[in-house]
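Please open the structure in your viewer and keep the selection panel at hand. The tour below moves from one selection to the next and says what is there.

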Amino acid sequence: MTVYEVIDAKKQKRELDQEQIRFFVRAVADGSASDAQIAAFCMAVLLNGMTDEESYLLTDAMAASGERPIRPPVSGVIADKHSTGGVSDSTTLILVPVLCSLGVRCAKYSGRGLGHTGGTLDKLESFAGFRTALTAEEFAAQIGRVGGAVAGQTEHTVPADKRMYAVRDVTATIDSIPLIASSVMSKKLASFADVILLDVKYGDGAFMRTAKEAERLARLMVKIGARAGRKVSAAVTNMDAPLGDAIGCNAEVREAVAILGGKRNALAELSLFLAEKLLAQAFSLPDKEARARVEETIASGAALKKLAEIVAAQGGDAHAVYDASLLPLAPREAVLCAEEGGVLRVAARKLGEACLLLGGGRQHAEDAIDHTVGIVLTRRDGDPVRAGEEIARVYCRGEAAEALGRARSAFSYLREYRPEKLVYDYIEAEE
Ligand code: URA
């Protein structure tokens, strides 16, 4: 068998078998397939599709392409959650401490922000000293000791995905549902979580523009998970407007802390919904009881305390959980006011781009970011506003004219507008 033959078979719209897929993925991981061959394969998949079985086989082969994290020797269910990315999505910072404080262990591998989307690892580094690069042993030990850990996957985990993703990124082959599903799920299945909840986003600020597309992706990932013997479910959620009121690392961490202290908005609503679903699955509880436990652990302060424990365990300054001055915002504060009266519509992508222009995001994986810049909404998507009323504050350095212009362009004032509902669908694996 040759790599050429596998590409040719996919080009001819033939269904690939396990042997062909494993052969190709091995060639990607060991470097014997060239970037040109990977690009040709990905384009053939994008144009000709894959069956669900091929998508599973690709995921399975990719998950096995590198080192696998070590499962800690603990009893009980270990949970994981993954969001396909958006703007002001700090659900992990809320969900992980909530679940850990309720006795569900969490093994969360996260990523960094890219383009207009934020990343959990960057936000966690807002806590001075926080280490996101844990060894497999440290990751496992912390889950055993504290209940949860959030870290970056090492360069040796799922190397086939790293190579394929880099090629896809520059060959217009990202937006293939089988390739996205296998990329996301290979990283989930390479790890050891028993219960996995996927948050598949659609809308202005997301990868998937329509709910239907997101639903197709979600269903395929749930199927791949079930085929691999894991309990995977998926929420399909809206990302037309920023999820929370803050965009930018320090501002988002402040907001996550505020939600663990009782603040309520769409970010809180979604985080609590995801926590309820994971808790219900982990302990086989009715949703209502799971929700009551989630509310209780926040009200008692136990979830906030758990966040401080996780931060401290990873070397971060946990005082910042109780002292917002340790999460400073940039010195210049520009107030944005409504240009007209009407119902406010807030476009997530433009605000994400504005944050990027402020220096709070990155264009390339190696770029450094400024944790202090950001945007805090004073009025939300769907709120009625009067002309001249304050709608947001931008925390910046210097002129920041382009960023301020981009931020202003994110707001429109409509005669009538009702935001889409937050959770479009929730998909569980069929028993
Ligand atoms: N996120 C991933 O990890 N992979 C994709 O292909 C798309 C989004």
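**Helix pairs and a ligand site**

H12 passes H13 in a right-handed crossing, a crossing being right-handed if the near helix is turned clockwise from the far one by less than a right angle, and left-handed if anticlockwise. The model is a predicted one, in which local features need pLDDT of at least 70 and side-chain atom pairs count only at pLDDT 80 or more, while totals for chains, interfaces and linings use all residues. Residues are numbered from 1 along each chain as its sequence is written, and side-chain values use heavy atoms, with hydrogens and water left out.

Select residues 266-283 for H12 and residues 287-299 for H13, whose axes come within 8 Å and cross at roughly 120°. Helices here are DSSP runs (H or I, at least four residues) numbered from the N terminus, and axes are lines fitted to C-alpha atoms over the stretch in contact, with angles from 0 to 180 degrees between N-to-C directions. H12 and H13 are therefore oblique to each other, since angles under 35 degrees count as roughly parallel, over 145 as roughly antiparallel, 65 to 115 as roughly perpendicular and the rest as oblique. Among the residues that meet (heavy atoms within 4.5 Å) are Leu272 and Phe283 in H12 and Arg291 and Ile298 in H13. By class, this contact of H12 with H13 has nine nonpolar, no polar and seven charged residues, where Ala, Val, Leu, Ile, Met, Phe, Trp, Tyr, Cys and Pro count as nonpolar, Asp, Glu, Lys and Arg as charged, and the others, Gly among them, as polar.

Next, select H1 (residues 3-11) and H2 (residues 18-30), whose axes come within 10 Å and cross at roughly 125°, in a left-handed crossing. Val3, Val6 and Ala9 in H1 meet Gln20, Phe23, Phe24 and Ala27 in H2. The residues of this contact divide into six nonpolar, one polar and no charged.

Keep H2 and add H4 (residues 52-63): the two pack at an angle of about 40°, with their axes 9 Å apart. The contact includes Ile21 and Val25 of H2 and Leu57 and Leu58 of H4.

Finally, select the ligand; around it (a heavy atom within 4 Å) are Tyr165, Arg168, Ile180, Ser183, Val184, Lys187 and Phe207. A polar side-chain atom of Arg168 lies 2.9 Å from an oxygen atom of the ligand, and a side-chain N or O atom of Lys187 is 2.5 Å from a ligand oxygen atom. For Ser183, a side-chain N or O atom is 2.6 Å from a nitrogen atom of the ligand.

How values were computed: A polar contact is a pair of N or O atoms within 3.5 Å; within protein, one must be able to donate a hydrogen and the other to accept it, and residues adjacent in sequence count only if both atoms are side-chain atoms.
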